[in-house]
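Let's take a walk through this model together, from helix packing to a few backbone details. Keep the viewer open as you read.

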Amino acid sequence: MNSTLEGWLARFDAAIAAGGRGPFAYPRAFHHDGGGHGFHLVFGSMVHGDETGSLPAIVSVAEALLAGTLRHAGKVTFFVGNPEAGLAGQRFLEADLNRVFTDDPPDCHEGRRAGALRPILDAADVFVDLHQTIESTQHAFYIFPFEEEGWLWARALAATSMWVTRHPGAAFTTGAMCADEYVRARRRPGITIELSQRGFGHGGEQRAEGAIRRALALSDGIAAGTATLRDVAQQEPELQFLETTHREKFDRESLALRPGLVNFMAVTAGELLSAPGTPELRAPREGWILFPKYPPRLADGAYKKPLPAEIYRIVSPLPGHPRDLYRQ
C-alpha cells in the first residue's frame, strides 16, 4: 500500500471534516461555497486510481480555501474518484470508472461509484477531469471533443498548449461514457487534461494547481463583471489542435510494442513499432504516438486481462481550426 497516497488522502479527508463536507453524499468530496455567486466548478482527481498526481493539488487548494489564504466567492467541489483502486495500486478494481457513466452502469464497485458521483457532475457548471498518462509523455495535453465554450475554458486555463480533439459528435469509446462526456451531454463544458505521467513527482501536481487557481479566479471575475471568458481566453496563445488519425487494435495476444515508446514521440510512415519476435506493426503514417500500451504480464508470460482495445494511436495536426472544420 502506498504510504504517500495514504497521507494525501488523510489530508483530504481532514479538509472535508474541517469544513468542506458540502451538500453531496459522496464522502470523498470537498465543497467550498464562498456565498458570492452560484457558479459551480467541479474538479475530478483519481478517476483512474493509479493517476495520483493531481491529488496534492486539490488538497493544497482545499486547505488554502479553509485557511482563508485563497479566497473564492463561488462554489467549487473536488472529488477523489477511485481511491480504493489507488490504494490497491491499480487503475480500477472491476471496471474502468471512466467508461461507466452510462444510463445502465454495471453492478460493480466502479458502476456504483459512477452513480454516487453523478449528483456532483449534475451540479457542475464546468467540470475539469485531471488525468495522467500510463507511459511518459513529452507534452501535457487536453483530450475532449471540440465545442466552443470548452475551447475557451481550455485556452483560458492555459494548462497546456496541446489539444487532442475530435468532432463533437464522436465518442471517445464506443458503448461507454466518460465523466467529461456525461457533463457535456448535459450541455456544460467537460474538460479532460492529461497532466503528466501517472504518479507523484512528474509535474502533474503543479500543472493541476495552476489550472485550478486560474479557474477559480476566472469564475469570480466573470461573476463580478470584471472579466469575460472570451477576453481571458484571447489573452492566452491559441492551442495546437490535433486529431487521432490511426488506432491500432489490440486484437491478438501476440502483439507487443518495441520498448521505449512514449506519448508524443514522433514516428514516420512505415516505422517499425513492434517488439522483436512479435507480429510486425508499422506506423501507417507519420505523426505522434499516443497511449502506447505495455500491459503487465503474468508468470506464464501471458498478458494480464482484460487487454486494452488499442495498442497505440497516432495523432496528427488538424489542417485548420476545429471551429471551421467541424461547423455543422
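In which helix does Ser219 lie? Ser219 is part of helix α7. Before going further, please keep in mind that this is a predicted model. Ser219 has a relative accessibility of 2%, and because buried means under 20%, the residue counts as buried. If you set aside residues up to four places away in sequence, the side of α7 at Ser219 can be explored through the residues that Ser219 touches: His37, Phe39, Leu41 and His72.

Staying with α7, let's look at a helix that packs against it. Two packed helices are described by the angle between their axes and the distance between the axes. For helix α5 (residues 148-157) and helix α7 (residues 204-224), the axes come within 9 Å and cross at roughly 120 degrees. That angle makes α5 oblique to α7, and the crossing is right-handed. On the α5 side, the contact is made by Trp153, Ala156 and Leu157, which meet Ala211, Arg214, Ala215, Leu218 and Ile222 in α7. Sorted by class, this contact has 7 nonpolar residues, no polar ones and 1 charged residue.

Helix α7 also takes us on to helix α2, where Ala57 is found. Ala57 and Arg207 are 150 residues apart in sequence, yet their C-alpha atoms are 8.5 Å apart in space. Leaving aside neighbours within four places in sequence, Ala57 is in contact with Glu205, Ala208, Glu209 and Ile212. With a relative accessible area of 1%, Ala57 is buried.

What about the other partner of α2? The axes of helix α1 (residues 3-20) and helix α2 (residues 55-67) come within 10 Å and cross at roughly 30 degrees. Since angles under 35 degrees count as roughly parallel, α1 is roughly parallel to α2. The crossing of α1 and α2 is left-handed. Here α1 contributes Leu5, Trp8, Leu9, Arg11, Phe12, Ala15, Ala18, Gly19 and Gly20, while α2 contributes Leu55, Pro56, Ile58, Val59, Ala62, Glu63 and Leu66. These residues divide into 12 nonpolar, 2 polar and 2 charged.

One of those contact residues, Gly20, deserves a stop of its own. Gly20 is found in helix α1, and at 0% relative accessibility Gly20 counts as buried. Beyond its neighbours within four places in sequence, Gly20 is in contact with Ala15, Ala29, Phe30, His31 and Leu66. For a sense of scale, Gly20 and Gly53 are 33 residues apart in sequence and 21 Å apart in space, C-alpha to C-alpha.

Now let's leave the helices for the loops. Asn263 lies in the loop between β8 (240-249) and β9 (266-267). Is Asn263 buried or exposed? At 1% relative accessibility, Asn263 counts as buried. Not counting residues up to four places away in sequence, Asn263 touches Thr133, Glu135, Ser136, Thr137 and Gln138, along with Ile289, Leu290, Phe291 and Pro292. Asn263 and Ser274 are 11 residues apart in sequence, and their C-alpha atoms are 16 Å apart in space.

Phe264 is in the loop between β8 and β9 as well. Its phi is near 70 degrees, a positive value in a residue other than glycine. Phe264 counts as buried at 2% relative accessibility. Met46 also has a positive phi for a residue other than glycine, near 60 degrees. Met46 lies in the loop between β2 (40-45) and α2, and at 0% relative accessibility Met46 counts as buried.

Another backbone detail to check is the peptide bond that joins Lys305 and Pro306: this bond is cis, with omega about 0 degrees. Pro306 sits in the loop between β10 (287-290) and β11 (310-317).

Finally, a look at the cysteines. How many disulfides does the structure hold? The structure holds 0 disulfides. The sulfur of Cys108 has its closest cysteine sulfur in Cys178, 15 Å away, and a disulfide needs the two within 2.5 Å, so they are too far apart for a bond. Cys108 counts as buried at 7% relative accessibility, and Cys178 counts as buried at 4%.

How values were computed:
Residues numbered from 1 in each chain as written. Predicted model: local features only at pLDDT ≥ 70, side-chain atom pairs only at ≥ 80, totals over all residues. Heavy atoms only, no water. Helix = DSSP H or I, 4+ residues; strand = E, 2+ residues; numbered from the N terminus. Buried < 20%, exposed > 50% of the residue type's maximum accessible area, 1.4 Å probe, protein only. Contact = heavy atoms within 4.5 Å. Axes fitted to C-alpha atoms, helices over the stretch in contact; angles between N-to-C directions. Parallel < 35°, antiparallel > 145°, perpendicular 65-115°, else oblique. Left-handed = near helix turned anticlockwise from the far one by under 90°. Nonpolar A, V, L, I, M, F, W, Y, C, P; charged D, E, K, R; others polar.
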